[in-house]
Structures are given as C-alpha cells and as structure tokens.
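Here are a few exercises to work through with the model open in your viewer. Try each task before you read its solution.

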Amino acid sequence: MSAAESFTRVRLIAGTTFLEAVRQKFFNSLLLISVALVASSTFFQQFDFGAGELKFITDFGFGALFFFGSILSITATAQLFFNEMENRTALTMLAKPVYKLEFLAGKFLGAHLLMLCFTLVITLVLSGILYWREAAIVAQLGAEALADGPLIRYGDVFLFGFLQWMKFGILAAITLFVASFSNTNLYTIVVSFFMLIICQLQYIARDAYSGMEAGWERFFVFGLGLIFPNFQLFNVGDQLVFDVEQVLPATVVLRMTAYGLIYTIAFILLAQLNFRRREI
Amino acid sequence: MQSILQHPLLQRTLRVLTVLLALLLLGLLTRPVEAPAWQVVKAGQPEMNLEAIEGSLGQGLVIGVLGGFRAILADFLWIRTNTVWERKDRAKLDAMIRLVTTLDPRPEFFWINGSRMIAYDVPNWRIREEGGYDAVPEARQQVLDLEQAEQAFKLIDTALDFHPENARLYLEKGQIYLNRLKDDANAAEWFLKASQKPGAPFFAARIYAELLRRQGKNAEAYAYLKELHRELPDSPFAQKGVILERISELEDELKIPVWERYRP
C-alpha cells in the first residue's frame, strides 16, 4: 500500500470525523457559549479594576479560548473515538485494509480540524469586538490615540489563536493516547483533564527543581518536568496584541510550533502502541 | 520464568514503564527546542507565588491559575475581598489580598488599596478588638500600627518587584510612614524616591521639602526647593508659585541676606 493511498484513507476518516463532530450538539452549544461570553466581555468590563478596556477584552477572549477550547478538545476527541467503538463502526473500518495508525491519525485530524474551526470563530469574534471598541476609543480621543501607531496588533490575536490550536493538538493527541487504553469515555475525559492540569502547571515543578538541593526529590521533580509537556509555554497572551516591552520573536513562535508538532506526533504514536494490541 | 514474564500485570507494568521512558526521552530531546522559547515566554509572564494560592486551589481557582480568565478572576476575588473587609475579618483579608495580587499582579489598584486596608483599617480593628482607643495604651497602639505598617510595606515591596518604576507605590509607602507612623524621616526618604520616578506627581517633591522642614533641616529644604524650582516646567500643575513662596519663607527663617536670596 502506497503512502498516497494511506494519505487518502486518513483524509477520508478525518473528513468523516470532522463532519460528525460539527453536527454534534455539544460542539455547537459550546461554540455558542464561548462566542456569547467573548461578545459579552464589554459587560464584564464593569468588574475590572486595573487593566485598560482593550487589554481586559483581550484577556477575557484569550481566557475563553483556552478554557472552552480545552474542554472541547478533550471531550470531542474522546467522544469521536468512543462513538466508533460503541457503534461498532471501528470494527467495520478496521476489517478493511486500514491500519490502526491511519484510524488514529484520521480521528486526530478530524478533531483537530474541529478545533481549528472553533479557534477561528473565537479569534474572529474577538477581533471584531476589539475593532469595535478601538474605533469607539479613537472616535472619543481623536487621532491622538493613534499617535504611537495602532492600538491593537490584530495579527497577534490570530497568532495567539494559532498557538492555542497547536496546544489543542497536543491535548487531542493526549486524549487519544488515554482513550487507546481506556474502556470508557468518562475515564478518558477525566484522566485527560488531569493531564491538562499537570501539563499546565508542570512549570511550577521546574521552578521548584531549580531551587532544590541535590537528592531524590530533585531527581523526581526533574523527571516530572520532562515527562509532561509544558503547556504554559503557549500562554503568551501578555506578550501579544499590545505594544509591550518584550515582543514575541518569530524564532520563539517557530520553536513553539515545532514543540507542539513533536509532542502531537509522539502522543499519536504512543496511542498506536496501545491501540494495536487492543481487542475491538 | 516465561509464565511470570507473560503475566498480564507485569506486561502492563512494562508497557507503562516503556511509555514513561519514551516520554522522558522525548522531554530530553525537546528541551533544546523548548528551553530558549520558555525563557522568553517566562520573562513576559507575571511570577506565580504558589504559597499565596495553595490554600485556595480547591475553590475553582484552578481555572484562573491555568492561564485563562486570570484577570477577571482576580477582579471577582477583589469584590470578595471588599466583602471580607466589610466583615472586618483581618486573617481572611490578608489571605485574599495576597491571592488577588498573586493571580493578577499587573494592576497597581490591588497593591495600593490592599496596602491601605492593611496599614490603615486593620490597626483600627485590632485596637477595637482590644477594647478601643480609650482602653488601649498609646504604646500598644503604636505597636499595632507598626506591625500592620510592616505588613503593608512587605506588600508594597512585592509590588515594586513587578512595577519598579511606579511612583504611586513609593508614594504609598511614604504616606503610610507619614500618616500612620508619624515618621517624618522615613516618609521623606520615600517621597524623595517617588519624586525621582517617571511620571511622578509634582506634589511628591514639595512634600519631601516640607518633611525636611518639619525635621528642622531648613538649609537642606532651601537648597532642594531652589533646585526644584529651576528644574520644574512652567506648567500650572507644577505650582512653581507655591515653591517660590516656601523658598521665601525659608530665606526669612534662615536669615539669608537680601543679595544672596534666590532670584528665578
């Protein structure tokens, strides 16, 4: 079987998975909630005590993207995987000349495409709101507001969206990895959420490691920092969008992208390691 | 021996160890890719003080700590801090202020208002708890003021790690020395520091000179005000007229001969 044929099969599985995912009520309702929340950020601004209006809206939008995106990435991936198992469609599919790795890759790509749609919608809504508020501020303050250049770098909103999408990729791959040895959807979702929390907070362990004295604890914390990917790396909202002292260099973005891709592929391969032994 | 090796539990343990080893190797391999990027990202993120949040991790705070909604969560917690302040629950107030400033150390509002609550309000509560202003001896009141002021200073010092050029934080420390501790010498030091920061209000320098006068350092105050008058811009906010009046007062007090008096 050639690589082209294999690619076609992965594409077909991904396409079907994506269509199935888009039709899910869960995706639509979560998307609606997220859009509503981002759109209502101007309302929540009345609870703000320090940051400027545009900064607050941006923080709020980025928070919604991270929070709801993480929920969607885990639940959608787990659901899409276990739907095939419970409906026995996986059995039919794998009875044909389809490798288990192709099945996993197809499922992952379908879920990842779904996350791309979600990320795009949220970043577009956020950009729209920022544009609206920026126009209102400029109308109020006049051209003086733009004396030091534009207030918002809209490209950065999409850059943040892209980096979050890379993170969702790792998260979806981790979910697939957990699903590959788990028997239930619920177990997969719970374990994946714990993995998310650990990955998000592992930098604290690394910080603690640097201040520890030599010993088994230091070794353990060092290992912990290596085993789990560092999700905090993608938390770059403070360095984007506005004129900040330390702008995110392109090389850093490239490194983050490479890091995300490596971990995504690695977790899919680890999922394959479990899944190939699994009785369906 | 072979049957032991094929035991499902052993097989499963081996698989788990293989996965862990693979992830460990992956972590080592990706370190050269990740570490330089992490250095840059970390430098741009507010430091997270775990001690301040560990007691509240079970209260839905994880979402905030994870990176999303950190600002809005801090805002809502600040509203809760005000409720705690209204109840005069000083132990909880301290914890809440630390929590809010840890979650979002960017707005100076949290630091300044938090330090005001600690330095000005809590001593009143503690004095009332001990029987009120009439019952508590003056010396004890001063001890309580000092204890609370020190806590507020610690908070402001932490704030200065995040905002080292923020004049308002230096002013806040000076005001606590001046208004709560009645310590003119230390207050003067902090008003001077505040006046040297970018965007400092003009009154910081004037108060510094007044505090020098209060300490009897008239000659020093005179020299400082003359220098200040020369440096200040001709803006109505700079109140150069007031400075000139004070220079003139000091010249009278110091008995400066007419021919040596300051001429702007």
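**Exercise 1. Decide whether B:Trp259 is buried or exposed, and place it in its chain.**

Step one: count neighbours. B:Trp259 has 6 other C-beta atoms within 10 Å, so it is exposed. The cut-offs, with C-beta atoms placed from the backbone, are 20 or more other C-beta atoms within 10 Å for buried, 12 or fewer for exposed, and partly exposed in between.

Step two: place it. B:Trp259 sits in the segment after helix H13 (240–253) of chain B. Helices here are DSSP runs (H or I, at least four residues; strands are E, at least two), numbered from the N terminus.

Step three: take a distance. From B:Trp259 to B:Gly174 it's 37 Å, C-alpha to C-alpha, with their positions 85 residues apart in sequence.

A word on the source: this is a predicted model, where local features need pLDDT of at least 70, side-chain atom pairs count only at pLDDT 80 or more, and totals for chains, interfaces and linings use all residues. Residues are numbered from 1 along each chain as its sequence is written, while chains are lettered from A and ligands numbered from 1 in the order in which they are written.

**Exercise 2. Describe the make-up and dimensions of chain B.**

Step one: list the elements. Chain B has 13 helices and zero strands.

Step two: check the dimensions. The C-alpha trace spans about 110 × 55 × 30 Å along its principal axes. Chain B has a radius of gyration of 28 Å, whereas a compact globule of 264 residues would be near 18 Å. That radius is taken over C-alpha atoms, and the globule rule is 2.2 Å times the number of residues to the power 0.38.

Step three: look at burial. Of the 264 residues in chain B, 31% are buried.

**Exercise 3. Find which residues other than glycine have a positive phi in the two loops below.**

Step one: in chain A, go to the loop between H4 and helix H5 (89–95). A:Arg88 has a positive phi of about 65° there, and it is exposed, with 10 other C-beta atoms within 10 Å.

Step two: in chain B, try the loop between helix H12 (218–231) and H13. B:Gln239 has a positive phi of about 50°; it counts as partly exposed, with 14 C-beta neighbours inside 10 Å.

**Exercise 4. Work out how H6(A) and H7(A) pack.**

Step one: get the geometry. The axes of helix H6 (residues 100–141) and H7 of chain A come within 9 Å and cross at roughly 150°. That makes the pair roughly antiparallel. Axes are lines fitted to C-alpha atoms, for helices over the stretch in contact, and angles run from 0 to 180 degrees between N-to-C directions; over 145 degrees counts as roughly antiparallel.

Step two: pick out the contacts (C-beta atoms, placed from the backbone, within 7 Å). Residues of H6(A) including A:Leu104, A:Phe108 and A:Met115 meet residues of H7(A), among them A:Phe158, A:Trp165 and A:Ala173.

**Exercise 5. Identify what the largest nonpolar core contains.**

Step one: size it. The largest nonpolar core (buried Ala, Val, Leu, Ile, Met, Phe, Trp, Tyr and Cys residues joined through C-beta atoms within 7 Å) has 126 residues; A:Phe267 and B:Tyr208 are among those with the most contacts inside it. Helix H7 (residues 154–181) of chain A gives the most, 15 residues.

Step two: zoom in. A:Phe267 touches A:Ile170, A:Ala173, A:Ile174, A:Leu176 and A:Phe177, not counting residues up to four places away in sequence.

Conventions
Contact = placed C-beta atoms within 7 Å. Parallel < 35°, antiparallel > 145°, perpendicular 65-115°, else oblique.
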